[in-house]
Amino acid sequence: MSEDKKDIAQSQQEALSGIRWNEAGLLPAVVQDARTLEVLMFAYMNPESLRLSLESGQTWFWSRSRSELWHKGGTSGNTQAITSIHYDCDSDTLLVKVVPEGPACHTGENSCFFREIPFDSPPASEGAGAAIKSAAADSERFAVLAELERVIAEREVNRPEGAYTTYLFDKGVDKILKKVGEEASETIIAAKNKDNAELRLEVSDLIYHLLVLLQERKLPLDEILEELSARHERPRRD
């Protein structure tokens with residue numbers, strides 16, 4: 001075992017030693033899409049299913065109704081590739097972020113939480129209302145990135161014939177990197193030429209190819225956003 005793997009194994013054991021299992025030896029697990037942050041499902045893990053999840057990189061749970069382990073997507077193919085696992089301040093609940101390969105719900109819905117209870121919310125204060133509108137605007141503003149990331153991930157799995165994204169994944173990382181380099185160069189040229197119409201097109205192409213690269217490397221866009229957020233929060237030195 002390499003030193004890196006030893007360090008990870010040791011860190012895992014240290015984290016697991018603080019987990020507080022309930023009286024049945026189970027732990028609630030909330031599963032969230034790492035790209036869109038949508039809550040996909042809720043299930044339970046026992047020590048064995050958590051171990052299998054950590055070892056395989058895919059979600060395993062404990063079925064209380066069947067009293068057995070179950071591998072999410074083991075029969076349907078709708079697996080969930082784990083990007084991170086967090087536990088809460090009381091050490092008794094897990095948050096599992098995943099990249100799903102298909103719908104999370106057995107009904108075929110993307111999320112198990114697709115049914116809504118009608119709710120007439122009270123009027124928000126002026127400040128709260130502005131914050132809600134701002135959050136909604138931001139969500140809508142960047143929704144196209146989440147949707148593009150989702151489509152690219154589906155293209156990698158399904159490889160539809162004739163699709164350009166399929167072509168890139170079939171050719172491999174070297175081809176993808178070449179396209180990223182080409183689009184970056186064309187973006188620079190458009191900016192130097194002070195041609196905003198061309199710049200808009202080239203930046204769009206660059207972002208698309210960067211998302212393809214992130215998918216090839218299995219690095220969710222959410223982690224890039226988290227890194228940018230962390231940099232923004234660091235104290236300035238100037």
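**Cysteines, salt bridges and surface patches**

The closest cysteine sulfur to that of cysteine 112 belongs to cysteine 105 and sits 4.0 Å away, which is too far for a bond. Seen from the other side, the sulfur of cysteine 105 has cysteine 112 as its closest cysteine partner, again at 4.0 Å and too far for a bond. A disulfide is a covalent bond between the sulfur atoms of two cysteines. Here it is taken as a pair of cysteine sulfur atoms within 2.5 Å, and by this rule the count comes to zero. Cysteine 105 is buried because its relative accessibility is 7%, whereas cysteine 112, at 32%, counts as partly exposed. (Buried means under 20% relative accessible area, exposed over 50%, and partly exposed in between, with a 1.4 Å probe and protein chains only.)

A word on the model itself. It is a predicted one, in which local features need a pLDDT of at least 70 and side-chain atom pairs count only at pLDDT 80 or more, while totals for chains, interfaces and linings use all residues. Residues are numbered from 1 along each chain as its sequence is written, and side-chain values use heavy atoms, with hydrogens and water left out.

As for the overall layout, the chain holds eight helices and six strands (DSSP runs numbered from the N terminus: H or I with at least four residues for helices, E with at least two for strands). Read from the N terminus, the order goes α-β-β-α-β-β-β-β-α-α-α-α-α-α. The chain has 238 residues, and 29% of them count as buried.

Next come the salt bridges. Twelve of them turn up in a search of the whole structure, each being a side-chain nitrogen of Lys or Arg within 4 Å of a carboxyl oxygen of Asp or Glu. One of these pairs glutamate 55 with arginine 51, at 2.8 Å from N to O. The two residues are four apart in helix α2 (residues 47–56), so about one helical turn separates them. Glutamate 55 is exposed, with a relative accessible area of 57%, but arginine 51, at 35%, is partly exposed.

Helix α6 offers a similar arrangement: lysine 179 and glutamate 183 are also four residues apart, so about one helical turn lies between them. Their side chains meet in a salt bridge at 3.8 Å, N to O. Both lysine 179 and glutamate 183 are buried. Back in the α2 region, salt bridges with shared partners tie Glu48, Arg51 and Glu55 into one network.

Another salt bridge brings together aspartate 222 and lysine 97, with 3.8 Å from N to O. This pair links distant parts of the chain, since aspartate 222 is in helix α8 and lysine 97 in strand β6 (residues 94–100), 125 residues apart. Aspartate 222 and lysine 97 are both buried.

Then there are the surface patches. These are built from residues with over 30% relative accessible area and no salt bridge, joining like charges within 9 Å and nonpolar side chains (Val, Leu, Ile, Met, Phe, Trp, Tyr) within 5 Å. The areas come from the Shrake-Rupley method with a 1.4 Å probe, and for residues only the protein chains shown count as cover. Glu186, Asp195, Glu198 and Asp205 form a negative patch. For charges, Asp and Glu count as negative and Lys and Arg as positive, leaving out His and the chain ends; each charge is placed at NZ of Lys, CZ of Arg, CG of Asp or CD of Glu. Glutamate 186 is part of helix α6 (residues 173–192) and counts as partly exposed because its relative accessibility is 33%.

A nonpolar patch of about 320 Å² is made by Leu219, Ile224, Leu225 and Leu228. Among these, leucine 225 belongs to helix α8 (residues 221–233), and its relative accessibility of 47% makes it partly exposed.

Finally, a look at the backbone. Most residues other than glycine have a negative phi, and most peptide bonds are trans. Serine 91 is not a glycine, yet it has a positive phi of about 60°. It sits in the loop between β5 (80–87) and β6 and, at 13% relative accessibility, counts as buried. Its C-alpha atom is 9.4 Å from that of alanine 15, although the two residues are 76 apart along the chain. Lysine 194, also not a glycine, has a positive phi of about 55°. This lysine 194 lies in the loop between α6 and α7 (196–216) and is exposed, with a relative accessible area of 75%.
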